[in-house]
Amino acid sequence: MPPSERLRDHVGQGATTVAAHRTRRRLRADRARQLADLLRRQLLTDAFPDGALPHEDALAAEYDATRNTVRQALDLLRAEGLVTRQPGVGTVLATRKYPHGLDRLMGLAETLHEHGRVTNEVRATVPVPAPAPVAERLRVPPGADVLYIERLRRLNGVPLSLDHTYLPLDTGTALLGADLENNDVFHLLESVTGTPLGHAEINLEAVSADAHSAAVLETPRGAAVLMLERLTHLSDGRPVDLEFIRFRGDRIAMSGLLHRSA
């Protein structure tokens with residue numbers, strides 16, 4: 001075989017080897033992400049009551065994975081801040097996420113009552129001219145005053161969410177003297193209107209924490225937060241509460257029960 005052909009053959013074999021190596025790395029990374037998803041679910045559902053994960057060898061045997069794959073999966077969970085490594089103990093739960101249901105219309109204190117006390121730091125309560133998107137959704141004239149409320153909400157003293165709320169002034173004014181620090185707005189709205197809440201339209205997406213939100217929520221700037229936009233209506237159909245809620249992504253896990261229509 002001429003030297004030029006031997007060189008091309010050698011290069012071709014090298015390219016095949018590199019491609020195979022990259023494929024193995026990709027497959028291992030894919031497998032690590034899959035394992036991280038399974039372990040995350042177990043952590044969120046208290047499958048490890050003492051907060052300590054099984055040894056890497058035990059995880060490798062249980063999930064038919066290599067130790068390298070297990071280590072990569074644990075690295076992913078550490079990067080999320082969900083677990084940490086303790087010398088002499090192993091991998092343990094670093095922070096707890098609380099379940100927030102999406103299948104019932106409830107305030108935060110109602111939703112998390114089993115997990116502790118929700119308190120509100122009221123950062124602003126002021127009438128403001130309604131921005132066009134707010135006026136449209138609350139069905140008030142453009143530029144008409146609405147009540148704006150900003151609250152930092154804590155669970156057992158730990159920052160959980162930053163809530164920006166807009167209320168029509170006819171109902172919002174009645175909340176100015178209410179105890180917003182210790183009550184959900186939902187409960188107060190039903191009290192002042194004498195009408196139960198009916199339904200809400202929601203939109204949920206992941207966004208990065210801006211400088212202001214990060215500082216208030218005590219989380220790194222750029223960290224993932226869950227943005228819940230919710231427009232709540234009274235039972236008679238009137239829109240009464242437009243909220244933009246930023247939840248710390250490392251504190252809250254959204255859940256719901258969905259049914260397939262016949």
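The predicted structure holds 22 salt bridges, a salt bridge being a side-chain nitrogen of Lys or Arg within 4 Å of a carboxyl oxygen of Asp or Glu. Side chains of opposite charge can pair when their charged atoms come close. This is a predicted model, in which local features need pLDDT of at least 70 and side-chain atom pairs count only at pLDDT 80 or more, while totals for chains, interfaces and linings use all residues. Residues are numbered from 1 along each chain as its sequence is written, and side-chain values use heavy atoms, with hydrogens and water left out.

Three of these pairs are set out in the table.

| Salt bridge | N to O distance |
|---|---|
| R67 and E56 | 2.9 Å |
| D57 and R67 | 3.1 Å |
| R154 and E121 | 3.2 Å |

R67 meets E56 in a salt bridge. This pair links distant parts of the chain, with R67 in helix α3 (residues 67–79) and E56 in helix α2 (residues 56–62), 11 residues apart. Helices (H or I, at least four residues) and strands (E, at least two) are DSSP runs, numbered from the N terminus. R67 also forms a salt bridge with D57. That second pair again joins helix α2, which holds D57, to helix α3, which holds R67, across 10 residues.

The partners can be placed by relative accessible area, where buried means under 20%, exposed over 50% and partly exposed in between (1.4 Å probe, protein chains only). E56 counts as buried because its relative accessibility is 13%. R67 is partly exposed at 34%, and D57 is partly exposed at 39%.

The salt bridge between R154 and E121 involves strands. R154 lies in strand β5 (residues 145–155) and E121 in strand β4 (residues 118–129), so the pair ties together parts that are 33 residues apart in sequence. E121 has a relative accessible area of 30% and is therefore partly exposed. Elsewhere, salt bridges that share partners join R151, R153, D163, D184, R230 and E243 into one network.

Members of this network recur in the lining of the largest cavity, including R153, D163, R230 and E243. Rolling a probe the size of a water molecule over the atoms shows where empty space is left. On a 1 Å grid over the protein atoms alone, a cavity is a set of points where a 1.4 Å probe fits but cannot get out, and a pocket is an open set with protein on both sides within 12 Å along at least five of seven lines; lining residues have an atom within 4 Å of a point. Grid points are joined across faces, edges and corners, and a volume is the space filled by probe spheres set on the points. By this rule there are three cavities of 30 Å³ or more.

The largest cavity contains about 60 Å³ of space. Its lining is made of five nonpolar, three polar and four charged residues. In this classification, Ala, Val, Leu, Ile, Met, Phe, Trp, Tyr, Cys and Pro count as nonpolar, Asp, Glu, Lys and Arg as charged, and the others, Gly among them, as polar. Strands β6 (158–168), β8 (224–234) and β9 (239–248) each supply at least two lining residues, and β9 gives the most, with three. Other residues of the lining include H100, M106, G107 and L108.

The largest pocket has a volume of about 220 Å³. Among the residues that line this pocket are E80, K97, T219, R248 and D250. Here β8 is the leading contributor, giving three residues. The pocket lining divides into six nonpolar, two polar and four charged residues.

On the surface, L102, I202 and L204 make a nonpolar patch of about 220 Å². Such patches are made of residues with over 30% relative accessible area and no salt bridge, with like charges joined within 9 Å and nonpolar side chains (Val, Leu, Ile, Met, Phe, Trp, Tyr) within 5 Å. Accessible areas come from the Shrake-Rupley method with a 1.4 Å probe. L102 is found in the loop between β3 (98–101) and α4 (108–111), and its relative accessibility of 34% makes it partly exposed.

Two further contacts join residues separated along the chain. L53, in the loop between α1 (3–44) and α2, is buried at 7% relative accessibility. The C-alpha atoms of L53 and V92 are 5.8 Å apart, although 39 residues separate them in sequence. A29 belongs to helix α1 and is partly exposed at 23%. Between A29 and T69, 40 residues apart in sequence, the C-alpha to C-alpha distance is 7.3 Å.
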